[in-house]
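User: I'm new to reading protein models. Could you take one small part and walk me through it slowly?

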Amino acid sequence: RQSEVVEPPPKPKTPAKARTPSKTPPPTNIVPQLLESLQTADPALPVMVIDASNVAVAYGHARTFRVQGIVMALQYWLNKGHRVVAFVPAYRVSGRVLQADGGKPMEKEDQQTLQDLVASGLVASTPAQDYDDSYILQFARDNHGVVVSNDMFRDYVAKHTGDRAQEDAAAWVKSHVLSFTFVGGVFMPNPDFSFPPSQGAA
């Protein structure tokens with residue numbers, strides 16, 4: 001009788017190795033692109049003066065300071081043909097941890113981007129001991145600019161002495177401060193804002 005051939009049991013399949021998730025590539029340095037856009041800005045349009053701290057904290061949902069918000073605001077107005085400059089306190093550039101940020105340090109990449117923006121001149125660093133709002137508002141007034149901020153600047157109005165002076169300051173803030181939001185991570189200025197006379201938007 002012919003003996004039966006017994007086939008060896010199939011070898012167990014080696015489980016496929018789990019793929020190691022690829023590291024997210026570091027973000028491209030956006031500063032050269034912003035500077036290139038600045039070269040084609042229309043001098044007839046008002047300069048947009050960005051309250052960088054206000055924008056960065058708004059992008060971070062009032063919990064963290066996110067430089068990406070500043071970059072998006074700069075990009076938005078440069079794409080519209082405006083000249084832009086942002087102001088930020090020097091302690092932000094150094095990466096100082098604030099209780100207002102939940103005690104969380106700034107992301108390393110954010111700090112590097114902010115330092116690059118300051119070095120490029122797109123962001124101006126104000127002395128740490130000074131009130132950055134004063135620089136923002138004075139620059140805007142001296143250069144017929146429009147301030148991008150959700151701040152009401154009540155301190156600025158209050159420091160003017162006399163009812164008439166306070167009324168004038170309040171009127172200037174109302175007509176020259178443009179509020180904004182982020183919708184799905186996209187910068188969106190107040191659609192109801194009307195640019196002051198002879199300062200039409202692009």
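Analyst:
**A close look at Ser-149**

Leaving out residues up to four places away in sequence, Ser-149 touches Asp-51, Asn-54, Val-177, Leu-178, Ser-179 and Phe-180, where contact means heavy atoms within 4.5 Å. Before we go on: this is a predicted model, in which local features need pLDDT of at least 70, side-chain atom pairs count only at pLDDT 80 or more, and totals for chains, interfaces and linings use all residues. Residues are numbered from 1 along each chain as its sequence is written, and side-chain values use heavy atoms, with hydrogens and water left out.

So where does Ser-149 sit? You'll find Ser-149 in the loop between strand 4 (146-148) and helix 7 (154-158); helices (H or I, at least four residues) and strands (E, at least two) are DSSP runs, numbered from the N terminus.

Is Ser-149 buried or exposed? Its relative accessible area is 1%, so Ser-149 is buried (buried means under 20% relative accessible area, exposed over 50%, partly exposed in between, with a 1.4 Å probe and protein chains only).

Now for what its side chain does. One of the residues it touches, Asp-51, also shares a polar contact of 2.9 Å with Ser-149, side chain to side chain. A polar contact is a pair of N or O atoms within 3.5 Å; within protein, one must be able to donate a hydrogen and the other to accept it, and residues adjacent in sequence count only if both atoms are side-chain atoms. The side chain of Ser-149 also reaches the backbone nitrogen of Asp-151, at 2.9 Å.

Elsewhere in the model, Leu-34, Ser-37 and Leu-38 in helix 1 meet Leu-74, Gln-75 and Leu-78 in helix 3.
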